[in-house]
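Trainee: I am new to this structure and would like a close look at one part of it. Please start from that part and work outwards.

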Amino acid sequence: MSPINRGFHRRRQPDADPSRVPPGQYVTGDFPVLSAGPTPHTPLEEWSFTIRGAVEEPVSWPWEEFVALPSETITTDIHCVTKWSKLDTTWKGVSVDTLLEAVQSKAGYLTAWSDGGYTTNLALEDVTDGQAWVAYEFGGAPLEPEHGGPARMLIPHLYFWKSAKWVRGLTLTLDDEPGFWETYGYHNHGDPWLEQRYQGD
Amino acid sequence: MARAALSGRLTWQLAEVVDVLTETPRVKTIAFDVADWVGHRAGQHVDVRLTAEDGYQAERSYSIASAPNGTRLDLTVVRIADGEVSPYLADELKPGDRIELRGPVGGYFVWEPPQGGPLLLVAGGSGIAPLMAMIRLRAAAGSDVDTRLLFSSHGWDDIIYREELERLNGNGLTVVHTLTSSQPPDWTGYARLVDAEMLAEVGPSPAERPRVYVCGPTPFAEAVSEALVHLGHAPRGIKTERFGPTGG
(Lines give C-alpha, C1' and ligand atoms only; values in the text may rest on other atoms or scores of the structure.)
Protein backbone atom coordinates (compact mmCIF):
# COMPACT_ATOMS: atom_id res chain seq x y z
CA MET A 1 0.00 0.00 0.00
CA SER A 2 1.52 3.27 -1.10
CA PRO A 3 1.67 6.06 1.49
CA ILE A 4 -0.36 9.16 0.62
CA ASN A 5 1.79 12.17 -0.22
CA ARG A 6 -0.33 14.93 1.33
CA GLY A 7 -0.52 18.00 -0.82
CA PHE A 8 0.32 16.08 -3.98
CA HIS A 9 -2.37 16.07 -6.62
CA ARG A 10 -2.83 15.62 -10.32
CA ARG A 11 -1.83 18.86 -12.04
CA ARG A 12 -2.30 17.89 -15.61
CA GLN A 13 -5.87 17.23 -16.51
CA PRO A 14 -5.94 14.11 -18.61
CA ASP A 15 -6.02 15.45 -22.15
CA ALA A 16 -6.36 11.96 -23.54
CA ASP A 17 -8.55 8.94 -23.05
CA PRO A 18 -7.02 7.35 -19.92
CA SER A 19 -7.59 3.91 -21.42
CA ARG A 20 -4.86 4.75 -23.95
CA VAL A 21 -2.22 5.57 -21.33
CA PRO A 22 -0.42 2.60 -19.72
CA PRO A 23 0.24 2.56 -15.97
CA GLY A 24 2.94 4.96 -14.76
CA GLN A 25 2.99 6.90 -18.05
CA TYR A 26 2.07 10.52 -18.80
CA VAL A 27 1.12 12.00 -22.14
CA THR A 28 3.45 14.52 -23.75
CA GLY A 29 3.06 16.56 -26.90
CA ASP A 30 6.82 16.70 -27.34
CA PHE A 31 8.98 13.96 -28.77
CA PRO A 32 11.76 13.55 -26.19
CA VAL A 33 15.02 11.92 -27.26
CA LEU A 34 16.81 9.16 -25.39
CA SER A 35 20.00 7.63 -26.68
CA ALA A 36 23.07 6.15 -25.05
CA GLY A 37 25.62 7.80 -27.33
CA PRO A 38 26.19 10.24 -30.18
CA THR A 39 23.71 10.33 -33.05
CA PRO A 40 25.12 8.49 -36.09
CA HIS A 41 24.86 10.14 -39.51
CA THR A 42 25.07 7.44 -42.14
CA PRO A 43 24.83 8.78 -45.73
CA LEU A 44 22.00 7.15 -47.65
CA GLU A 45 24.40 5.91 -50.34
CA GLU A 46 26.16 3.87 -47.63
CA TRP A 47 22.93 2.73 -46.00
CA SER A 48 21.44 -0.73 -46.50
CA PHE A 49 19.07 -2.96 -44.57
CA THR A 50 20.14 -6.59 -44.03
CA ILE A 51 18.46 -9.72 -42.73
CA ARG A 52 20.99 -12.36 -41.71
CA GLY A 53 21.72 -14.98 -39.04
CA ALA A 54 19.63 -18.16 -38.98
CA VAL A 55 18.41 -17.76 -42.56
CA GLU A 56 19.07 -19.84 -45.67
CA GLU A 57 20.20 -16.80 -47.66
CA PRO A 58 20.88 -13.38 -46.14
CA VAL A 59 19.24 -10.51 -47.97
CA SER A 60 20.17 -6.84 -48.20
CA TRP A 61 18.43 -3.81 -49.66
CA PRO A 62 20.21 -0.55 -50.51
CA TRP A 63 18.25 2.60 -49.58
CA GLU A 64 16.65 3.11 -53.00
CA GLU A 65 15.42 -0.48 -53.10
CA PHE A 66 14.28 -0.37 -49.50
CA VAL A 67 12.04 2.67 -49.92
CA ALA A 68 10.66 1.10 -53.12
CA LEU A 69 9.31 -1.85 -51.10
CA PRO A 70 5.57 -1.84 -50.36
CA SER A 71 5.08 0.63 -47.51
CA GLU A 72 2.36 1.34 -44.98
CA THR A 73 1.27 4.45 -43.11
CA ILE A 74 0.75 3.77 -39.41
CA THR A 75 -0.94 5.99 -36.82
CA THR A 76 -0.23 4.73 -33.33
CA ASP A 77 0.55 5.57 -29.71
CA ILE A 78 4.11 5.14 -28.44
CA HIS A 79 5.32 4.58 -24.89
CA CYS A 80 8.85 5.23 -23.57
CA VAL A 81 10.12 3.46 -20.45
CA THR A 82 11.19 6.89 -19.11
CA LYS A 83 7.45 7.50 -18.54
CA TRP A 84 6.29 9.59 -21.51
CA SER A 85 3.68 8.45 -23.97
CA LYS A 86 2.88 10.19 -27.22
CA LEU A 87 -0.48 9.58 -28.85
CA ASP A 88 -1.49 9.47 -32.50
CA THR A 89 1.98 9.52 -34.02
CA THR A 90 2.10 8.91 -37.76
CA TRP A 91 4.81 6.93 -39.48
CA LYS A 92 5.57 5.47 -42.88
CA GLY A 93 7.63 2.35 -43.29
CA VAL A 94 7.94 -1.23 -44.41
CA SER A 95 6.22 -3.96 -42.44
CA VAL A 96 8.55 -6.53 -40.90
CA ASP A 97 6.17 -9.14 -42.40
CA THR A 98 7.11 -7.86 -45.87
CA LEU A 99 10.83 -8.01 -45.06
CA LEU A 100 10.68 -11.52 -43.62
CA GLU A 101 8.98 -12.81 -46.78
CA ALA A 102 12.39 -12.45 -48.41
CA VAL A 103 14.06 -15.10 -46.23
CA GLN A 104 13.57 -18.73 -45.21
CA SER A 105 14.13 -19.32 -41.50
CA LYS A 106 13.14 -21.46 -38.53
CA ALA A 107 14.27 -18.81 -36.05
CA GLY A 108 11.97 -17.80 -33.21
CA TYR A 109 13.83 -14.63 -32.21
CA LEU A 110 15.74 -11.77 -33.70
CA THR A 111 18.12 -9.00 -32.77
CA ALA A 112 17.65 -5.60 -34.35
CA TRP A 113 21.05 -3.91 -34.76
CA SER A 114 21.91 -0.32 -35.46
CA ASP A 115 24.60 2.11 -36.48
CA GLY A 116 26.44 3.08 -33.31
CA GLY A 117 26.34 -0.46 -31.92
CA TYR A 118 22.87 -0.54 -30.35
CA THR A 119 21.00 -3.85 -30.28
CA THR A 120 17.65 -5.03 -28.94
CA ASN A 121 16.13 -8.51 -28.89
CA LEU A 122 12.63 -9.44 -29.94
CA ALA A 123 10.52 -12.57 -30.23
CA LEU A 124 9.32 -13.21 -33.77
CA GLU A 125 5.75 -13.34 -32.48
CA ASP A 126 6.13 -9.70 -31.34
CA VAL A 127 7.16 -8.39 -34.75
CA THR A 128 4.96 -10.34 -37.17
CA ASP A 129 1.26 -10.08 -38.11
CA GLY A 130 1.28 -6.33 -38.59
CA GLN A 131 2.92 -5.41 -35.29
CA ALA A 132 6.26 -4.00 -36.41
CA TRP A 133 7.76 -1.82 -39.13
CA VAL A 134 11.02 -0.32 -40.27
CA ALA A 135 9.94 3.33 -40.43
CA TYR A 136 11.62 6.07 -42.44
CA GLU A 137 9.07 8.88 -42.22
CA PHE A 138 7.57 10.56 -39.16
CA GLY A 139 4.69 13.03 -39.42
CA GLY A 140 4.97 13.03 -43.22
CA ALA A 141 8.65 14.04 -43.31
CA PRO A 142 11.90 12.07 -43.48
CA LEU A 143 12.77 10.74 -40.03
CA GLU A 144 15.22 13.11 -38.29
CA PRO A 145 18.57 11.61 -37.23
CA GLU A 146 17.99 12.37 -33.54
CA HIS A 147 14.77 10.36 -33.71
CA GLY A 148 16.50 7.46 -35.44
CA GLY A 149 16.68 8.43 -39.09
CA PRO A 150 17.23 7.42 -41.76
CA ALA A 151 15.23 4.45 -40.46
CA ARG A 152 14.20 2.96 -37.12
CA MET A 153 12.15 0.06 -35.87
CA LEU A 154 8.55 0.85 -34.93
CA ILE A 155 7.08 -1.68 -32.52
CA PRO A 156 4.42 0.37 -30.74
CA HIS A 157 3.05 -2.36 -28.47
CA LEU A 158 6.39 -2.57 -26.61
CA TYR A 159 8.33 0.14 -24.73
CA PHE A 160 10.08 2.31 -27.25
CA TRP A 161 13.65 1.16 -26.50
CA LYS A 162 12.62 -1.95 -28.49
CA SER A 163 12.02 0.33 -31.49
CA ALA A 164 15.74 0.57 -32.28
CA LYS A 165 16.89 3.85 -33.82
CA TRP A 166 19.30 3.93 -36.78
CA VAL A 167 18.43 0.30 -37.49
CA ARG A 168 20.47 -1.41 -40.20
CA GLY A 169 19.30 -4.96 -39.96
CA LEU A 170 17.81 -7.93 -38.23
CA THR A 171 19.77 -11.00 -37.16
CA LEU A 172 17.47 -13.98 -36.78
CA THR A 173 18.39 -16.29 -33.91
CA LEU A 174 17.26 -19.67 -32.63
CA ASP A 175 17.68 -18.56 -29.00
CA ASP A 176 16.65 -15.30 -27.34
CA GLU A 177 19.81 -13.20 -26.86
CA PRO A 178 19.46 -10.07 -24.66
CA GLY A 179 20.30 -6.78 -26.39
CA PHE A 180 21.85 -3.56 -25.09
CA TRP A 181 19.40 -2.30 -22.46
CA GLU A 182 18.20 -5.83 -21.75
CA THR A 183 21.69 -6.66 -20.41
CA TYR A 184 21.62 -3.50 -18.26
CA GLY A 185 18.65 -4.52 -16.18
CA TYR A 186 15.73 -3.56 -18.39
CA HIS A 187 12.93 -6.04 -18.99
CA ASN A 188 13.44 -8.65 -21.69
CA HIS A 189 9.96 -8.21 -23.18
CA GLY A 190 8.89 -4.63 -22.30
CA ASP A 191 5.08 -4.63 -22.44
CA PRO A 192 3.97 -1.16 -21.23
CA TRP A 193 0.49 -2.40 -20.27
CA LEU A 194 2.10 -4.88 -17.86
CA GLU A 195 4.60 -2.17 -16.82
CA GLN A 196 7.51 -4.45 -17.72
CA ARG A 197 10.17 -1.77 -17.25
CA TYR A 198 12.92 -3.61 -15.43
CA GLN A 199 14.04 -7.17 -14.93
CA GLY A 200 11.60 -8.96 -12.66
CA ASP A 201 8.65 -6.63 -13.36
CA MET B 1 25.52 -5.38 -4.82
CA ALA B 2 23.65 -3.27 -7.34
CA ARG B 3 24.15 -5.97 -9.94
CA ALA B 4 22.64 -8.56 -7.66
CA ALA B 5 19.66 -6.29 -7.08
CA LEU B 6 19.04 -6.04 -10.79
CA SER B 7 18.74 -9.78 -11.14
CA GLY B 8 15.73 -9.69 -8.82
CA ARG B 9 12.64 -7.56 -8.82
CA LEU B 10 13.06 -3.84 -8.24
CA THR B 11 10.45 -3.33 -5.57
CA TRP B 12 9.05 0.00 -4.40
CA GLN B 13 10.69 1.04 -1.15
CA LEU B 14 9.88 3.74 1.38
CA ALA B 15 12.35 6.59 1.39
CA GLU B 16 12.35 9.02 4.32
CA VAL B 17 13.45 12.60 3.81
CA VAL B 18 16.35 13.41 6.13
CA ASP B 19 17.43 16.75 4.69
CA VAL B 20 16.46 19.35 2.09
CA LEU B 21 19.22 21.58 0.73
CA THR B 22 18.77 24.66 -1.45
CA GLU B 23 21.31 24.46 -4.28
CA THR B 24 20.14 27.40 -6.42
CA PRO B 25 16.91 29.41 -6.59
CA ARG B 26 15.33 26.66 -8.73
CA VAL B 27 17.16 23.57 -7.52
CA LYS B 28 16.99 21.56 -4.32
CA THR B 29 18.73 18.42 -3.19
CA ILE B 30 16.63 16.06 -1.14
CA ALA B 31 18.51 13.55 0.98
CA PHE B 32 16.67 10.31 1.70
CA ASP B 33 17.25 7.38 3.98
CA VAL B 34 16.15 4.11 2.38
CA ALA B 35 16.26 1.38 4.99
CA ASP B 36 16.83 -1.57 2.66
CA TRP B 37 18.87 0.23 0.01
CA VAL B 38 21.10 -2.29 -1.78
CA GLY B 39 23.62 0.31 -2.91
CA HIS B 40 24.19 1.86 -6.31
CA ARG B 41 26.89 2.70 -8.79
CA ALA B 42 27.72 6.30 -9.66
CA GLY B 43 25.57 7.36 -12.60
CA GLN B 44 22.52 5.19 -11.91
CA HIS B 45 19.02 6.55 -11.34
CA VAL B 46 15.87 5.74 -9.40
CA ASP B 47 12.19 5.91 -10.18
CA VAL B 48 10.17 8.03 -7.76
CA ARG B 49 6.43 7.50 -7.20
CA LEU B 50 4.02 9.96 -5.58
CA THR B 51 0.47 9.08 -4.54
CA ALA B 52 -2.34 11.63 -4.16
CA GLU B 53 -5.19 11.28 -1.69
CA ASP B 54 -7.52 10.24 -4.53
CA GLY B 55 -5.15 7.41 -5.45
CA TYR B 56 -3.64 9.16 -8.48
CA GLN B 57 0.01 8.22 -8.90
CA ALA B 58 2.85 9.78 -10.88
CA GLU B 59 6.29 8.31 -11.55
CA ARG B 60 9.45 10.08 -12.66
CA SER B 61 13.11 9.13 -12.97
CA TYR B 62 15.88 11.01 -11.15
CA SER B 63 19.62 10.45 -11.27
CA ILE B 64 21.29 9.73 -7.95
CA ALA B 65 23.63 12.61 -7.12
CA SER B 66 25.36 11.03 -4.13
CA ALA B 67 28.21 8.54 -4.11
CA PRO B 68 27.30 5.13 -2.70
CA ASN B 69 26.90 5.81 1.03
CA GLY B 70 25.03 3.18 2.99
CA THR B 71 21.28 3.80 3.07
CA ARG B 72 21.53 7.48 2.12
CA LEU B 73 20.55 8.73 -1.28
CA ASP B 74 20.56 12.30 -2.64
CA LEU B 75 18.32 13.40 -5.49
CA THR B 76 18.75 16.83 -7.04
CA VAL B 77 15.51 18.25 -8.40
CA VAL B 78 14.92 21.26 -10.65
CA ARG B 79 11.55 22.85 -10.00
CA ILE B 80 9.72 22.98 -13.32
CA ALA B 81 7.05 25.65 -12.92
CA ASP B 82 4.21 23.80 -14.61
CA GLY B 83 5.51 20.37 -13.65
CA GLU B 84 3.55 17.88 -11.63
CA VAL B 85 6.19 16.05 -9.61
CA SER B 86 9.17 18.41 -9.34
CA PRO B 87 7.35 21.29 -7.53
CA TYR B 88 6.10 18.81 -4.94
CA LEU B 89 9.54 17.31 -4.40
CA ALA B 90 11.27 20.69 -4.31
CA ASP B 91 8.73 22.73 -2.32
CA GLU B 92 6.64 20.39 -0.20
CA LEU B 93 8.92 17.69 1.15
CA LYS B 94 10.22 18.13 4.69
CA PRO B 95 12.40 15.94 6.89
CA GLY B 96 10.35 13.01 8.12
CA ASP B 97 8.14 12.84 5.00
CA ARG B 98 8.14 9.58 3.10
CA ILE B 99 7.83 8.85 -0.60
CA GLU B 100 8.27 5.68 -2.64
CA LEU B 101 11.20 4.91 -4.90
CA ARG B 102 12.77 1.94 -6.59
CA GLY B 103 16.16 1.26 -8.08
CA PRO B 104 18.98 1.49 -8.77
CA VAL B 105 18.30 1.51 -12.51
CA GLY B 106 20.72 1.62 -15.44
CA GLY B 107 24.16 0.12 -15.75
CA TYR B 108 25.60 1.82 -18.82
CA PHE B 109 26.05 5.45 -17.80
CA VAL B 110 28.14 4.51 -14.76
CA TRP B 111 31.73 4.95 -13.63
CA GLU B 112 33.64 3.27 -10.85
CA PRO B 113 37.25 3.98 -9.83
CA PRO B 114 38.68 0.66 -11.13
CA GLN B 115 37.59 1.68 -14.65
CA GLY B 116 40.19 4.44 -14.47
CA GLY B 117 40.44 7.41 -16.78
CA PRO B 118 41.11 9.90 -18.01
CA LEU B 119 37.56 11.18 -17.62
CA LEU B 120 35.84 13.95 -19.49
CA LEU B 121 32.54 14.91 -17.87
CA VAL B 122 30.33 17.42 -19.67
CA ALA B 123 27.26 18.68 -17.83
CA GLY B 124 24.45 21.02 -18.78
CA GLY B 125 22.46 22.37 -15.82
CA SER B 126 20.99 19.63 -13.66
CA GLY B 127 22.72 17.12 -15.93
CA ILE B 128 25.49 17.51 -13.37
CA ALA B 129 23.68 15.13 -10.96
CA PRO B 130 24.91 11.71 -12.17
CA LEU B 131 28.34 13.20 -12.94
CA MET B 132 28.49 14.60 -9.40
CA ALA B 133 27.95 11.07 -8.10
CA MET B 134 31.07 10.06 -10.07
CA ILE B 135 33.06 13.08 -8.81
CA ARG B 136 32.01 12.41 -5.22
CA LEU B 137 32.84 8.71 -5.53
CA ARG B 138 36.22 9.57 -7.04
CA ALA B 139 36.97 11.85 -4.07
CA ALA B 140 35.66 9.39 -1.47
CA ALA B 141 37.78 6.61 -2.97
CA GLY B 142 40.89 8.81 -2.91
CA SER B 143 41.24 8.42 -6.67
CA ASP B 144 43.50 10.90 -8.50
CA VAL B 145 42.32 9.85 -11.96
CA ASP B 146 42.68 12.75 -14.44
CA THR B 147 39.15 14.17 -14.55
CA ARG B 148 37.95 17.24 -16.42
CA LEU B 149 34.50 18.62 -15.73
CA LEU B 150 33.09 21.11 -18.21
CA PHE B 151 29.91 22.48 -16.65
CA SER B 152 27.49 24.73 -18.51
CA SER B 153 25.12 26.87 -16.42
CA HIS B 154 23.00 29.94 -17.19
CA GLY B 155 24.65 32.20 -14.62
CA TRP B 156 26.88 32.17 -11.54
CA ASP B 157 23.97 31.72 -9.14
CA ASP B 158 22.64 28.81 -11.19
CA ILE B 159 25.75 26.68 -10.70
CA ILE B 160 24.62 23.60 -8.81
CA TYR B 161 27.11 22.27 -6.18
CA ARG B 162 29.30 25.34 -6.84
CA GLU B 163 31.04 25.46 -3.47
CA GLU B 164 31.57 21.72 -3.25
CA LEU B 165 33.08 21.71 -6.74
CA GLU B 166 35.43 24.52 -5.68
CA ARG B 167 36.53 22.42 -2.70
CA LEU B 168 37.05 19.28 -4.79
CA ASN B 169 38.94 21.06 -7.59
CA GLY B 170 42.53 19.76 -7.58
CA ASN B 171 44.01 16.29 -7.00
CA GLY B 172 43.62 15.61 -10.71
CA LEU B 173 40.12 17.12 -10.95
CA THR B 174 39.83 20.23 -13.12
CA VAL B 175 36.51 22.08 -12.97
CA VAL B 176 35.76 24.47 -15.84
CA HIS B 177 32.55 26.50 -15.96
CA THR B 178 30.85 28.19 -18.86
CA LEU B 179 28.11 30.71 -18.12
CA THR B 180 25.83 31.01 -21.10
CA SER B 181 23.29 33.72 -20.16
CA SER B 182 24.87 36.10 -17.65
CA GLN B 183 28.29 36.47 -16.09
CA PRO B 184 29.59 38.28 -13.00
CA PRO B 185 31.40 41.58 -13.79
CA ASP B 186 34.84 40.08 -13.18
CA TRP B 187 34.17 36.83 -15.03
CA THR B 188 37.09 35.68 -17.16
CA GLY B 189 35.85 32.18 -17.95
CA TYR B 190 33.85 30.85 -20.87
CA ALA B 191 30.62 32.71 -21.63
CA ARG B 192 29.11 30.72 -24.50
CA LEU B 193 27.49 27.41 -25.29
CA VAL B 194 29.82 24.41 -25.22
CA ASP B 195 31.45 24.00 -28.63
CA ALA B 196 34.24 21.96 -30.21
CA GLU B 197 36.89 24.60 -29.51
CA MET B 198 35.99 24.67 -25.82
CA LEU B 199 35.99 20.86 -25.61
CA ALA B 200 39.41 20.76 -27.27
CA GLU B 201 40.78 23.30 -24.76
CA VAL B 202 39.37 21.49 -21.74
CA GLY B 203 40.70 18.15 -23.04
CA PRO B 204 41.75 15.36 -22.69
CA SER B 205 42.55 14.91 -26.38
CA PRO B 206 41.06 12.03 -28.37
CA ALA B 207 44.56 10.46 -28.41
CA GLU B 208 44.31 9.99 -24.64
CA ARG B 209 41.11 7.99 -25.20
CA PRO B 210 39.13 9.51 -22.33
CA ARG B 211 35.95 7.98 -21.04
CA VAL B 212 33.41 10.65 -21.88
CA TYR B 213 30.11 11.18 -20.09
CA VAL B 214 27.69 13.83 -21.33
CA CYS B 215 24.49 14.68 -19.46
CA GLY B 216 22.05 17.50 -20.04
CA PRO B 217 18.98 18.56 -21.98
CA THR B 218 18.59 16.89 -25.36
CA PRO B 219 19.85 19.80 -27.52
CA PHE B 220 22.88 20.13 -25.22
CA ALA B 221 23.71 16.41 -25.33
CA GLU B 222 23.21 16.33 -29.10
CA ALA B 223 25.47 19.34 -29.71
CA VAL B 224 28.20 18.21 -27.31
CA SER B 225 28.35 14.62 -28.53
CA GLU B 226 28.37 15.82 -32.13
CA ALA B 227 31.26 18.20 -31.39
CA LEU B 228 33.18 15.43 -29.61
CA VAL B 229 32.83 13.10 -32.62
CA HIS B 230 33.91 15.98 -34.85
CA LEU B 231 37.06 16.40 -32.72
CA GLY B 232 37.92 12.75 -33.26
CA HIS B 233 36.64 11.10 -30.08
CA ALA B 234 35.49 7.54 -30.69
CA PRO B 235 31.67 7.48 -30.74
CA ARG B 236 31.65 4.34 -28.61
CA GLY B 237 33.72 6.09 -25.92
CA ILE B 238 31.01 8.75 -25.50
CA LYS B 239 28.17 7.93 -23.15
CA THR B 240 25.20 10.26 -23.11
CA GLU B 241 22.23 10.76 -20.87
CA ARG B 242 19.59 13.16 -22.17
CA PHE B 243 16.49 14.60 -20.66
CA GLY B 244 13.65 16.52 -22.20
CA PRO B 245 11.84 19.56 -20.84
CA THR B 246 8.74 17.50 -20.06
CA GLY B 247 10.19 15.62 -17.11
CA GLY B 248 7.90 17.55 -14.76
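Trainee: Which residues of α6(B) are buried, and what do the buried residues of α6(B) pack against?

Mentor: A caution comes before the answer: this is a predicted model.

The helix α6(B) has 14 residues. From its first C-alpha to its last, α6(B) reaches 20 Å, close to the 20 Å expected at 1.5 Å a residue. Its buried residues are B:Thr218, B:Phe220, B:Ala221, B:Glu222, B:Val224, B:Ser225, B:Ala227, B:Leu228 and B:Val229. In chain B, these buried residues pack against the strands β7 (119-124), β8 (147-153), β10 (211-217) and β11, and against the helix α5 (196-202). Just after α6(B) comes B:Gly232, which takes a positive phi of about 110°.

The helix also has a part in the contact between the chains. There, 41 residues of chain B are in contact with 34 residues of chain A. Several elements of chain B each supply at least two residues of the side that touches chain A. They are the helices α1 (2-7), α2 (86-92) and α6 (218-231), with the strands β3 (45-51), β4 (57-63), β6 (98-105) and β11 (238-243). The most comes from α6(B), with six residues. By type, the residues on this side of chain B divide into 15 nonpolar, 12 polar and 14 charged.

A second helix of chain B, α3(B), can be set beside α6(B). The helix α3(B) has 13 residues and reaches 18 Å from its first C-alpha to its last, close to the 18 Å expected at 1.5 Å a residue. Since 11 of the 13 residues of α3(B) are buried, this helix is largely enclosed by the rest of the structure. The buried residues of α3(B) include B:Ile128, B:Leu131, B:Met134 and B:Leu137, and also the arginines B:Arg136 and B:Arg138. Just after α3(B), B:Gly142 takes a positive phi of about 70°.

That leads to the nonpolar core. In soluble globular proteins, nonpolar side chains tend to be buried together. The largest nonpolar core here has 110 residues, and those touching the most other members are A:Val134, A:Ala135, B:Leu121 and B:Leu131. Its largest share, eight residues, comes from α3 (residues 128-140) of chain B. On the chain A side, A:Val134 has contacts beyond its neighbours within four places in sequence. Its partners there are A:Phe49, A:Gly93, A:Val94, A:Val96, A:Leu99, A:Ala151, A:Met153 and A:Val167.

Now the chains as wholes. Chain B contains six helices and 11 strands. Its radius of gyration is 18 Å, close to the 18 Å that the globule rule gives for 248 residues, so chain B is as compact as a globular protein of that length. The C-alpha trace of chain B spans about 55 × 40 × 30 Å along its principal axes. Buried residues make up 47% of chain B. Of the contacts in chain B with a separation of 6 or more, 74% join residues 24 or more positions apart.

Chain A has four helices and 11 strands. With a radius of gyration of 18 Å, close to the 17 Å that the globule rule gives for 201 residues, chain A is as compact as a globular protein of that length. Along its principal axes, the C-alpha trace of chain A spans about 60 × 35 × 30 Å. In chain A, 43% of the 201 residues count as buried, and residues 24 or more positions apart account for 65% of the contacts with a separation of 6 or more.

Note on methods:
Residues numbered from 1 in each chain as written. Chains lettered and ligands numbered in written order. Predicted model: local features only at pLDDT ≥ 70, side-chain atom pairs only at ≥ 80, totals over all residues. Rg over C-alpha atoms; globule rule 2.2 N^0.38 Å. Buried ≥ 20, exposed ≤ 12 C-beta atoms within 10 Å, placed from the backbone. Contact = placed C-beta atoms within 7 Å. Core = buried A, V, L, I, M, F, W, Y, C linked by C-beta atoms within 7 Å. Nonpolar A, V, L, I, M, F, W, Y, C, P; charged D, E, K, R; others polar. Expected span 1.5 Å × (residues − 1).
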